[in-house]
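Dear colleague,

Here is the structure I promised to hand over, with the sequence beside it. My notes on what was found follow below.

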Amino acid sequence: MGHGGVNIDTVKVDNPVQAEFGDNLSWVCPAIEEILFANPQLTFTTEDVYAACINGSASLWVTDDGFVVTTSEVDPYNGDRTFLIWLAWAKIRGNNLVVKHQDFFMDYARERKYKKIEVRSAIPELTSYVLAHGWEIDTIVYTRDL
């Protein structure tokens, strides 16, 4: 294990725990590759996610069910901070992981004085699901290649 990291294969956890990316390379990297393959509009790489976690600008959280990578954004006009769930991956889809762990992340963000928690996705099915569980649509982004 090393560096206080959590290896999902040896530790059983229910609430998300922060983990060292390097200690979880064997399963997190292929999962990020899966996300990137399914979402070719994303411009970052697995190495970019790794670097963000290593340099402290992002955090890897793991559970028995999968992982999320979180980061922060600051509104340039009013300074409000948003807790962004940047990436999320589940070993088995359809297990209501958004609902299962949203209170944990909301409490975490609230304790650290974030103003908002945010999730972004290009998956249309996610919209009705998160709206039914207390989330709101803030912005919808449409793009077109030139």
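Read along the sequence, the chain runs in the order β-α-α-β-β-β-α-β-α, which comes to 4 helices and 5 strands. Please keep in mind throughout that this is a predicted model. Of the 146 residues in the chain, 34% are buried, and the surface that the chain exposes amounts to about 9,700 Å², with carbon and sulfur atoms supplying 53% of it. Among the contacts with a separation of 6 or more, 55% are between residues 24 or more positions apart.

I began with Thr70, which sits in strand β3, the run of residues 66–74. Thr70 counts as buried because its relative accessibility is 3%, and buried means under 20%. The side chain of Thr70 makes a polar contact of 2.9 Å with the side chain of Trp61. Apart from neighbours within four places in sequence, the residues in contact with Thr70 are Ser57, Ala58, Ser59, Trp61, Phe83, Leu84, Ile85, Trp86 and Phe105.

Several of these names return when one turns to the aromatic residues, since Trp61, Phe83 and Phe105 belong to one aromatic cluster together with Phe104, Tyr108 and Tyr114. The structure as a whole holds 12 aromatic pairs. One of them is formed by Phe21 and Tyr50, which meet edge-to-face, with 5.1 Å from centre to centre and 80 degrees between the planes. Phe21 is in the loop between β1 (17–19) and α1 (25–38), whereas Tyr50 is in helix α2 (residues 46–54), so this pair ties together parts that are 29 residues apart in sequence. The two partners also differ in their surroundings, as Phe21 is buried with a relative accessible area of 2%, while Tyr50 is partly exposed at 33%.

Trp27 and Phe67 form an aromatic pair that is likewise edge-to-face, at 5.7 Å centre to centre and with 75 degrees between the planes. Here the pair joins parts that are 40 residues apart in sequence, because Trp27 lies in helix α1 and Phe67 in strand β3. Trp27 counts as buried at 10% relative accessibility, and Phe67 counts as buried at 3%.

I then looked at the charged side chains. Side chains of opposite charge can pair when their charged atoms come close. The count of salt bridges comes to 6. In one of them, the side chains of Lys100 and Asp65 meet with 2.9 Å from N to O, and this pair links distant parts of the chain, with Lys100 in helix α3 (residues 97–111) and Asp65 in the loop between β2 and β3, 35 residues apart. Lys100 is partly exposed, its relative accessible area being 40%.

The loop that holds Asp65 deserves a second look. Thr63 lies in the loop between β2 (58–62) and β3, and Thr63 is buried, with a relative accessible area of 5%. A polar atom of the Thr63 side chain lies 2.9 Å from the backbone nitrogen of Asp65.

Another salt bridge is formed by the side chains of Arg120 and Glu73, at 2.7 Å from N to O. This pair, too, links distant parts of the chain, for Arg120 is in the loop between β5 (116–119) and α4 while Glu73 is in strand β3, 47 residues apart. Both residues are partly exposed, Arg120 with a relative accessible area of 47% and Glu73 with one of 32%. Glu73 and Arg120 are also linked with Glu118 in a network of salt bridges.

Glu111 forms a salt bridge with Arg112, in which the closest N and O atoms are 3.3 Å apart. Glu111 is exposed, with a relative accessible area of 58%, whereas Arg112 counts as partly exposed at 36% relative accessibility.

Finally, a word on the nonpolar surface. Leu131, Ile137, Ile140 and Tyr142 make a nonpolar surface patch of about 450 Å². Of these residues, Ile137 is found in the segment after α4 (124–131), and Ile137 counts as partly exposed because its relative accessibility is 49% and exposed means over 50%.

With best wishes

How values were computed. Residues numbered from 1 in each chain as written. Predicted model: local features only at pLDDT ≥ 70, side-chain atom pairs only at ≥ 80, totals over all residues. Heavy atoms only, no water. Helix = DSSP H or I, 4+ residues; strand = E, 2+ residues; numbered from the N terminus. Buried < 20%, exposed > 50% of the residue type's maximum accessible area, 1.4 Å probe, protein only. Polar contact = N/O pair within 3.5 Å; in protein donor to acceptor, adjacent residues only side chain to side chain. Contact = heavy atoms within 4.5 Å. Areas by Shrake-Rupley, 256 points an atom, 1.4 Å probe, with all protein chains shown as cover. Patch = residues over 30% accessible without salt bridge, like charges linked within 9 Å, V, L, I, M, F, W, Y side chains within 5 Å. Salt bridge = Lys/Arg side-chain N within 4 Å of Asp/Glu carboxyl O. Phe/Tyr/Trp six-rings, centres within 6.5 Å; stacked < 30°, edge-to-face > 60°.
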